[in-house]
Structure formats: C-alpha cells, structure tokens
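Reader: Hey, got a minute to walk me through this one? I'd like to start with the cysteines and then hop around a bit.

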Amino acid sequence: ITVPVPQGVGDYVISWDMVLEGVAWFSSTGVQTKREPFTVVSGVVFYGSGFGHGLGMSQYGANGWATGATGLTLNAEQIVQKYYPGTTFQFVDASRPQVRVLLSQPSSVARYRCGDNRFFGGSFGDVVSDGGFRVLDELSGNAEIGRAGAKQQWQFVAKPGGVEVWDNGGATPRLVRLVAAAAVVPLNPSQPLGFVQKGIYRGNFRITSLGGTLRVVNVVTWDDYVRGVIPLEMPITWHPEALKAQAYAARSYGYNSFNGSADYDVSDDQADQCYGGSRVEVASTNAAVTATAGKLITYNNAAIRAYFASSNGGYTLPYGCFGNRVVRSGSSWVCTPDPTQPYLGAVPDPADRAVTSPTNPRASWTVTLTGAEIRAAVLRCNGIDIGALQSVDLSNRSVPVNGHVISVRIVGSLGSVDLHAERFLRTCLALRSTMVRLSPF
C-alpha cells in the first residue's frame, strides 16, 4: 500500500484496520487497530554519541572505568580485558627489541596531523645532540664515517645515489661522504637526537634517499616509543590506570604493526599512532610506561591489533562490522566476523557516556540536515538521485537496538538506496561516529 506523506510538518499516526466485506470492520468487533506513529519533518536530525570508529578501547570509557563512573572501578589490566576479552599479557620478544617509526613524508601530512608534529618532506635535514653522535655507513658493516661533538650540527642531503653527509660543525661545511644509508647513533643514550626540522627523539636515526626526499626513520625501544605516544593520544592528567591501559594498547598496536619487508613499521601520525618523541614526555605518562614496561596484550601468543578510539557512544563496534568487513548481501549490508580476532567483539560500555572526570563532550550530539542536503550527499557520494527525501532508516545495527549503524536505507521520490553506514555517515556526512539514531537515546 502506498500512503502519501502529509504535507504539513508534525506528528501523525497511520491506523490500520481490516474489513470483512459487506459485514463489518474488525475494530467494531473488538479487534484493535494497528497504530504506527510517525513524524513529518523538514529534514533529518541525527542524534549521535561517540567520536571515532568505536573499535576496541574507548579512551573516555577507560577513564570512566578507572574513575568508577558506573560504580565499578577497574584497574588497567581489567580495563584492557574489558575491551579486549579473552586476551592475556606477555612480554616483548627479546629478538624484536625496537620499533621503526617513519618521521618523514608522508608521515604527519595535514590529514593525519598530531598535535604540533611538523610535516617533513624536504630534501635535506639537520641533526644535533647535546651529547654528540656517531654517523655510520650501514652498507659497510656500520663502519663509523664521522663523529659530531656536543651541540654540533650535521646535515644530510638526499641525492640520486644516496645521502650526502655534511659536517657543519666547523667554520666551513665539509662533505664527509655519500652513502646509500646512514645511521646516526647518540654518543650518550641519555641525550636524545634532535632532528631540527621535526623534533627530538630517543634511539637512533636511519637516513636514506627516496625519490629526492630525505627518508628519516627513528629506531627506538618499545617503551621509549610508547613514552612519545601516550601524551599525544590521551590527556596527561587522566587517571593513572587509564594511562596504563593506553600504554598497553599503544605498545601492542605498534608491535603488531611489524613489517619486515618495509623500512619502517609505523608512522608518527594517526595513520598509525601519534608519536612526538621525547619532547612530549611528562612524568604521569612516563610512570604509566614504567608500570607496564615491556608488556603486550596478546591472543594466542601474538600481540593484538589493539585498536582504540576517543569514544564509542556506549557500545564497542565489533571488528566484523568495521570498514571493508561490512559487505553487500542482497539489497543490504552485513558484517563478516573474523574468527582470528574474537577479542574485538561488541562490548557494552556504560562508562564511555557516564564518565565525569572529565565529562565526555561527545557523549551526546546532534546534527540536523535538510532533505535537500541528504539528497545532495547521496548524489555526491554514491551517484544516485533519490529525488525528494521521504524517509531514513537506521535499524540495521551491529547489535540489535544498542549497536552502531551498519547501513542506512534512504527512500526518496525517485527511488531508494541502502548505503554503507561508515562511508556515508562518517565520510560523506562527516558525522562523528556511527552510533546514531533518529531520536534521543
């Protein structure tokens, strides 16, 4: 049955009755009519909660559990196992004591900006250290080719044949050597290396040339890496147990990212995790690293991909409903669970919205769009003209009633579409999350 939508904005009820032809309406014999309330509006109000993909640990939720926002207080290890059920803790494998962090292009591009991390995509860069450093030729058995004294600045220039190493510590710059790959090692490990165009970092540098761009990778221990991550990923004043949970997640995510076929494992921005080196370190986050030193979150003896996001809106998104794991099935979309990652399931998270120390600013939000704006968005992002907007259906969710929206069904005067929720809501409409409803919740 096609029912015309009333022209006036307001609340209405469709009342359904059945009739026995020539005898009576069923309602006259005591059979209740079916009543369906609906509202005609000039556009759509999206009522949302959360910020980010909602997969894995909620950072606001972690702080909520640590501060007892729900009446139940959890320590860091309990928080981790709340968000990644079925996992255990193990120490870093001694055969992989370091992580390789990309500091140069494309790391820290505008799309993935982290704090005041500077983008570097130049052809030359300068290195300095309060304690001095050695420069090694990697392809010659790490033979030392030069040594800089305290506060002496050396320059590395990308060339077609490799990297030129210049000693700029004297009155006149001196070309030391052209090498395929240079390693820079501090003379005093307690005195970090300064990459002048970028920041200050513990560990070593590996410097190569890639297409005329200086390629700079920071090789650093796992704990020193995490020291540079937490302050950019979680507020440093949050509860110590929340900071410890973040340390576990950051270390495990990085360890899981090992890529032996590449020259780096993680970038220093939101493509992986924000990393600011030693300049961002503070006492509270360093304490969290020390308290969790060397420990990973593991499943089946392997470090997990410990995803985390700012806020999940009260329920985590299962991995099977994330990104390309949501696939087309018939006229709609379905999730495809990954049996190798059962620790990334749907977990209720009341602490995410209940936290008050501080209050979650994304616990509740609204975005209002007109019918014309929805129509234009569908046409822009999916190439389909639905005509005048008639209805929006958000009932396909990762968990019935309470979960994240998986697909959005939109009906218009010219046709209807069923769209991948993450792509349409978060990418096309720029909503903060897929924890969205059409009425307050």
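**Cysteine pairing and beyond**

Author: Sure. If you number the bonded cysteines of the protein in sequence order, they pair up 1-2, 3-4, 5-6. Keep in mind that this is a predicted model.

Reader: Okay, and how many disulfides does a search of the whole structure find?

Author: Three. One of them joins Cys114 and Cys274, with the sulfur atoms 1.9 Å apart.

Reader: Which parts of the chain does that pair link?

Author: Distant ones, 160 residues apart. Cys114 is in the loop between strand E8 (98–102) and strand E9 (124–128), while Cys274 is in the loop between strand E20 (266–267) and helix H6 (283–291).

Reader: Is the link of Cys114 and Cys274 left-handed or right-handed?

Author: Left-handed, with -70° about the S-S bond. Both Cys114 and Cys274 are buried, by the way.

Reader: Cool. What about Cys321, which cysteine does it form a disulfide with?

Author: Cys335, and their sulfur atoms are 2.0 Å apart. Cys321 sits in the loop between strand E23 (308–309) and strand E24 (326–329), and Cys335 is in strand E25 (residues 332–335), so the disulfide ties together parts that are 14 residues apart in sequence. The torsion about the S-S bond of Cys321 and Cys335 is about 110°, so this disulfide is right-handed.

Reader: And Cys335, why does it count as partly exposed?

Author: Because its relative accessibility is 24%, and buried would need a value under 20%. Cys321 has a relative accessible area of 7%, so that one is buried.

Reader: Which cysteine is Cys381 joined to?

Author: Cys428, at 1.9 Å from S to S. That pair links distant parts of the chain, 47 residues apart: Cys381 in helix H8 (residues 371–382) and Cys428 in helix H9 (residues 421–428). The S-S torsion of Cys381 and Cys428 is about 90°, so their disulfide is right-handed.

Reader: Are those two ends buried or partly exposed?

Author: One of each. Cys381 is partly exposed, with a relative accessible area of 37%, whereas Cys428 counts as buried at 11% relative accessibility.

Reader: Switching topic: which residues of helix H2 are buried?

Author: H2 covers residues 76–83, and its buried residues are Ala76, Ile79, Val80 and Tyr83. They span an arc of only 100° around the axis, which means they are on the same side of H2.

Reader: Hm, why would residues with that kind of spacing point the same way?

Author: An α-helix has 3.6 residues a turn, so residues three or four places apart point the same way.

Reader: Makes sense. What covers the buried residues of H2?

Author: The cover includes strand E6 (57–58), helix H1 (59–66), strand E7 (88–91), helix H5 (240–256) and strand E21 (295–299).

Reader: And which residue caps the N-terminal end of H2?

Author: Asn75 does, with a side-chain oxygen 3.2 Å from the backbone nitrogen of Glu77.

Reader: Last topic, then. How many cavities of 30 Å³ or more does the count come to?

Author: One. The volume of the largest cavity is about 60 Å³.

Reader: Where does the largest share of its lining come from?

Author: From H9, which supplies three residues. Strand E28 (405–412) and H9 each give at least two residues to the lining of the largest cavity.

Reader: Which residues line the largest cavity?

Author: Among them are His53, Leu317, Val405, Ile406, His420 and Arg426. Cys321, from the disulfide with Cys335, is also one of the lining residues.

Conventions: Residues numbered from 1 in each chain as written. Predicted model: local features only at pLDDT ≥ 70, side-chain atom pairs only at ≥ 80, totals over all residues. Heavy atoms only, no water. Disulfide = S-S within 2.5 Å. Helix = DSSP H or I, 4+ residues; strand = E, 2+ residues; numbered from the N terminus. Buried < 20%, exposed > 50% of the residue type's maximum accessible area, 1.4 Å probe, protein only. Arc of directions from axis to C-beta. Contact = heavy atoms within 4.5 Å. Polar contact = N/O pair within 3.5 Å; in protein donor to acceptor, adjacent residues only side chain to side chain. 1 Å grid on protein atoms, 1.4 Å probe; cavity = no way out; pocket = protein on both sides within 12 Å on 5 of 7 lines; lining within 4 Å. Points joined across faces, edges and corners; volume = space filled by probe spheres on them.
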